[in-house]
Amino acid sequence: MIDFHCHLDLYQSPPAVAEESQRRGIGLLSVTTTPSAWSGTARLAEGRSAIRTAIGLHPQLAGQRKHELALFDRYLANTPFVGEVGLDGSPECRAFWEDQLEVFDHVLQACSAGDEKVISIHSRRAAKDVLDQLDRYDRIKTPILHWFSGSRSQLERAIGRGCWFSVGPAMLAGAKGRELVAAMPNGKVLLETDGPFAQVRRQGLNPWDITAALRPIAALWGVTEREAQRRIEANERALLASVAAALGRPTT
Ligand code: MN
């Protein structure tokens, strides 16, 4: 199984978490929050085939790090994975909303220019704006809405757009999160931890904690945990197949 949204570089000991994930057979989409974090984070994946590194510029850092977009463009050719990117409509992020829009628009434009990219997208308090942006770039076929927390009607819109959804133990701990997951198509659900920030019972999540999401998901789907795992693993294969051509090509 794969943790599709994890901040590997922000754990206290990234190499230890990388090693333990590999040992347990847990795959990782290792997202970055700034382009300048790319090189160091990508190094953690060297020799560890289950770790895939994504190039990102987090919306909460869009104001301070907009100047790193040139670096984003440079590294984008190295990977079919992009994230963490998106928009954040929280009050504390409103002051640099225009910067957020500029950064996210730049990212989507760059992603729609070449080979297919898998994009892990943050949309806290900005589901409508994220979906409006995605509508402008219909060449992007595999957006993943990470920890989606919009309304039911926004969820329907995202489903209609063909979005994937990564959900985790922290999201499933709340009634609203479970209700949203229940309404997602089984065939579009992936797992994530959003570790080390996301917590369950005040414990920061490790990538292998995605397994804790299986029981609540199985309950929502009315299937066994084993069947839930089987479906999610089939989803993972389907999603990765969309970028298989790019993965097979040597990178620089
Ligand atoms: Mn995150």
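A residue counts as buried when its relative accessible area is under 20%. In this predicted model, Cys 111 falls on the buried side of that cut-off, since its relative accessible area comes to just 4%. Cys 6 goes further down the scale and is buried at 0% relative accessibility.

What about bonds between cysteines? A disulfide is a covalent bond between the sulfur atoms of two cysteines. For Cys 111, the closest cysteine sulfur belongs to Cys 163 and sits 14 Å away, which is too far for a bond, given that a disulfide calls for sulfur atoms within 2.5 Å. By that rule, the count for the model stands at 0 disulfides.

Now to the metal. The manganese ion picks up its protein donors from His 5 (NE2), His 7 (NE2), Glu 84 (OE) and Asp 194 (OD), at 2.2 to 2.3 Å. Written along the sequence, these donor residues follow the spacing H-x1-H-x76-E-x109-D. Distant parts of the chain are linked here: His 5 belongs to strand E1 (residues 2-6) and Glu 84 to strand E4 (residues 81-86), with the two positions 79 residues apart in numbering. Both His 5 and Glu 84 are buried.

Turning to the helices, H5 (residues 97-111) and H6 (residues 127-136) have axes that come within 10 Å and cross at roughly 35 degrees. The H5–H6 crossing is right-handed. On the H5 side, Trp 97, Phe 104, Asp 105 and Leu 108 make the contact, and they meet Asp 129, Val 130, Gln 133, Leu 134 and Arg 136 of H6. Sorted by class, this contact of H5 with H6 holds 5 nonpolar, 1 polar and 3 charged residues.

Notes:
Residues are numbered from 1 along each chain as its sequence is written. This is a predicted model: local features need pLDDT of at least 70, side-chain atom pairs count only at pLDDT 80 or more; totals for chains, interfaces and linings use all residues. Side-chain values use heavy atoms; hydrogens and water are left out. Donors are N, O and S atoms within 2.8 Å of the metal (3.2 Å for Na, K and Ca); water is not among the atoms, so sites may look incomplete. Helices (H or I, at least four residues) and strands (E, at least two) are DSSP runs, numbered from the N terminus. Buried means under 20% relative accessible area, exposed over 50%, partly exposed in between (1.4 Å probe, protein chains only). Axes are lines fitted to C-alpha atoms, for helices over the stretch in contact, and angles run from 0 to 180 degrees between N-to-C directions. A crossing is left-handed if the near helix is turned anticlockwise from the far one by less than a right angle, and right-handed if clockwise. Contact means heavy atoms within 4.5 Å. Ala, Val, Leu, Ile, Met, Phe, Trp, Tyr, Cys and Pro count as nonpolar, Asp, Glu, Lys and Arg as charged, and the others, Gly among them, as polar.
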